[in-house]
Amino acid sequence: MDSMESAATANIPKKLKIYVNKSESDKVHVKDDDDDNAGGLWWTLPQLVLTEIFWLLSVKDILNAGLTCRRWYEIANDEYLWKRKFHRHFKTDPCIALKPGAISWKSEYERLTFGIPFVQSQCLKGHVHQVLHVSFSHNGEMFSTCSKDGYVIIWNAGHPCTEKYSQNMKKFNWKYTQYSQFNQSDSLLLVSGVHFGSPHSTSGEIAVFTVDGKVESHLRCRVINRPYDIFGTWFSDQYLISGDLHWLAQMVSTSILWLNKANQEVDSEHVPIMNQLYKFYNRNASSVRAIMMAKCPWLDESNDPLIMANTSDEILESPSDDIEMSEHSLTVQNSVGNPLSHSASLRRAFHISFDDSTPSTSNASLSLNWSLQRSNDSTIHYLDEYRREFTGDSVSDESIDEEEDEPMDASDEYDDMENSIPKYLIFSTGSKTYTPHQIGIKRIRNITFPKKLDPGPSLKERIAAKKAAEQQNQFRDPDPDWWDYEAVADRFDKVDKVIDLHGHIIGMALSPDHRYLYVNTRPWPKNYIITNPLEPPPIAQEIDIHVIDLMTLKRIGNMLRAHKAYTPSTECFFIFLDVCDDYVASGAEDMHAYLWDRYYGISLAKYKHTDVVNSVAFNPKDNEMLVTTSDDFTIKIWRSRAKAKQMNVDASNNSEAFYLKNSEDK
């Protein structure tokens, strides 16, 4: 069937022919609009009756009927008719208004039918092992993929997609690549990977390569990253954030985030290449993971939610249901998917005896009963305030770029760190157990990066100071009680806001305007009591999606039982999701990727692979292009039916994608 728009705008004849039956004898011909013959009987029908008849027709028949005459054309484009068709077909709440900026209900019906990625235009097989991650450049011209074969491959995004660069990271003693991200100017690519080592090693590394359109891609820097599922992220166009983990006591550690120069080829040893950004306190074997940066141009002192509802130390001590500290997800390297780091190593390293008489709720029947009580609804349910403020592109990437390009006064002592743009540092963490179940948010303020290293006191001065201290019997203080957070709180940076999602966090993504945070979680049983932080609760096989408004730092939407995952908590791995202006997509362990509409919250389609789908990514300049990667070693490119037609892609045998709504109206 041709596009609905082209059908609706076809030439409309002034005369009408109606065929009641296929036989020639039954043909009734109406010469023109005021004919009194039998054909004119149609014109005696009231408008409401004709509209109701059209309502009973399929969409294809409505479009065809609209070509017969002007009156039928008007009915075939009736707004109320298409609103009813839309709500019936996509099973949306009739109270939901038309998406802001949309032309009509008919155009929205067409967008969700012909404009979503649906046709598989290519299946790339450049990797020889499981493909763990995919990410696009901001200009939409490239995307990169990471794999357990140790390679990162950069592809041209135009049709057909072709390989542009590739890097074998095994030459740097990497076991595999797991994550990549382009900087804002699309000139550099951050690649995160896992080192070879013991089975329970958490050591990783970040490498930065040039991808500026030249013949070859060159290495710019390498930075240690621990644990490896911090992943790393760009702080600005030329600076990136990495992590390190130091154990302070049994099940107590500190996560240190470092700010690093992307280009570390300096002329002098007195020029710094890294600087400490934050130092966070971790309890119960947790740590910071999956860091990301959100640029918040709307944020200022007049509407800062952290000022209106400031979270303090009590959050770390007695977290509520919705607000807590953050945690690191620790899991064993599994044969499939993106393994989080070191659950098994923690459970083996710490030999702690817990009171066996303490009642435990982690039994199979509880998990099963909890799972059976969940709803089968796969719609994202938003609070009303989300749709009231939804514009689709309220803060575009271009507006963010414009703010970045504004000239700023450069200091002689510090590099320009874009402090004029308000930012949030976002990460997953925990406080009850080592698996990540909380979102941590830190407001970034007045970051500086020195241009020269402070040499500190000379050797002679240090010796003199040591002797003076010995004479005054000022010996080093004994180690503090690291288990008592209040006693050591002044040594660490505070997390400004924590949101407890009561489940294992396995994926996070920002909307294009950085206003909303979408989170994949595998929920815990309701009211589950954790008695041993090294034994996390059982997790559901269903993946929930939570939506957090970064302007208010509140949850404003969630979807239950959306897609599936089967691995237990100790082997759970990242399932990456992605958000564009119009849609949300996510991988799943049930060998499919899934697509939802952002505004209406409805599930639209699923995309078939033959193994776990680890990651998905939209082209930021073309919402009708989606890339999915899987443990089946493949990278699949999906385009809309309209784009497939423009590219002469054969869509007749498209058995890899499936609509999730009724097709009775088509």
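Buried here means under 20% relative accessible area. By that cut-off, strand β23 (residues 516–523) of this predicted model is mostly covered, with eight of its eight residues buried. The burial shows up on both faces of β23: Tyr-516, Tyr-518, Asn-520 and Arg-522 sit on one side, Leu-517, Val-519, Thr-521 and Pro-523 sit on the other, and all are buried.

What does β23 pair with? Strand β22 (residues 503–510) runs antiparallel to β23, and seven bridges hold the pairing together. Within that ladder, His-504 has Arg-522 in β23 as its bridge partner. The two strands make a hairpin, with five residues between β22 and β23, and His-514 in the turn takes a positive phi of about 65 degrees. Strand β24 (residues 542–549) is also joined to β23, again antiparallel, by six bridges. There, Tyr-516 finds its bridge partner in Asp-549 of β24. Tyr-516 and Arg-522, which turn up in these pairings, are both among the buried residues on one side of β23.

Further along the chain comes an open sheet. Five strands make it up, in the order β27-β28-β29-β30-β34, and the pairing is antiparallel. β27 (577–579) and β34 (657–659) are the edge strands; each has a single partner strand, so one side of each is left without a neighbour in the sheet. From one strand to the next, the twist averages 15 degrees.

Walking across this sheet from the β27 edge, β27 and β28 pair antiparallel over three bridges. Leu-577 stands opposite Ser-586 in β28, and the two strands form a hairpin with three residues between them. Ser-586 also stands opposite Tyr-594 in β29. The β28 and β29 pairing is antiparallel too, over four bridges. These strands form a hairpin as well, here with five residues between them, and Met-591 in the turn has a positive phi of about 70 degrees. Next, β29 (residues 592–597) and β30 (residues 603–608) pair in the antiparallel sense over five bridges, with Ala-605 in β30 as the bridge partner of Leu-595.

How are the faces of β28 (residues 583–586) covered? Tyr-583 and Ala-585 lie on one side, Val-584 and Ser-586 lie on the other, and all are buried, so that both faces of the strand are covered.

The record has something to say about part of this region. An unreviewed UniProt entry carries the annotation "repeat: WD" for residues 124–156 and 606–648. Over residues 124–156, the model has 0% helix and 58% strand, and the end C-alpha atoms are 12 Å apart.

Now for the helices. Helix α5 (residues 79–90) packs against helix α6 (residues 105–114) at an angle of about 35 degrees, and their axes are 8 Å apart. On the α5 side, the contact uses Glu-79, Trp-82, Lys-83, Lys-85, Phe-86, His-87, His-89 and Phe-90; these meet Trp-105, Lys-106, Glu-108, Tyr-109, Leu-112 and Thr-113 in α6. By type, the contact residues come out as six nonpolar, three polar and five charged. Is α6 itself buried or exposed? All the way through, 10 of the 10 residues of α6 are buried, so the helix is largely enclosed by the rest of the structure. The buried residues of α6 include charged side chains such as Lys-106, Glu-108, Glu-110 and Arg-111, alongside Trp-105, Tyr-109, Leu-112 and Phe-114.

The cysteines are quickly dealt with. Searching the whole structure turns up zero disulfides. Cys-95 is exposed, at a relative accessible area of 70%, whereas Cys-123 counts as partly exposed at 31% relative accessibility.

One loop residue deserves a look as well. Asn-284 is placed in the loop between β15 (274–282) and β16 (289–295), and at 23% relative accessibility it counts as partly exposed. What does Asn-284 touch, leaving aside its neighbours within four places in sequence? Its contacts are Met-251, Ser-431, Lys-432, Thr-433, Tyr-434 and Pro-533. Pro-533 is 249 residues away from Asn-284 in sequence, yet the two are 5.8 Å apart in space, C-alpha to C-alpha.

Note on methods
Residues are numbered from 1 along each chain as its sequence is written. This is a predicted model: local features need pLDDT of at least 70, side-chain atom pairs count only at pLDDT 80 or more; totals for chains, interfaces and linings use all residues. Side-chain values use heavy atoms; hydrogens and water are left out. Two strands pair if DSSP finds at least two bridges between them. Axes are lines fitted to C-alpha atoms, for helices over the stretch in contact, and angles run from 0 to 180 degrees between N-to-C directions. Contact means heavy atoms within 4.5 Å. Buried means under 20% relative accessible area, exposed over 50%, partly exposed in between (1.4 Å probe, protein chains only). A disulfide is a pair of cysteine sulfur atoms within 2.5 Å. UniProt positions are given in the numbering used here, feature names are shortened, and annotations may be inferred rather than shown by experiment.
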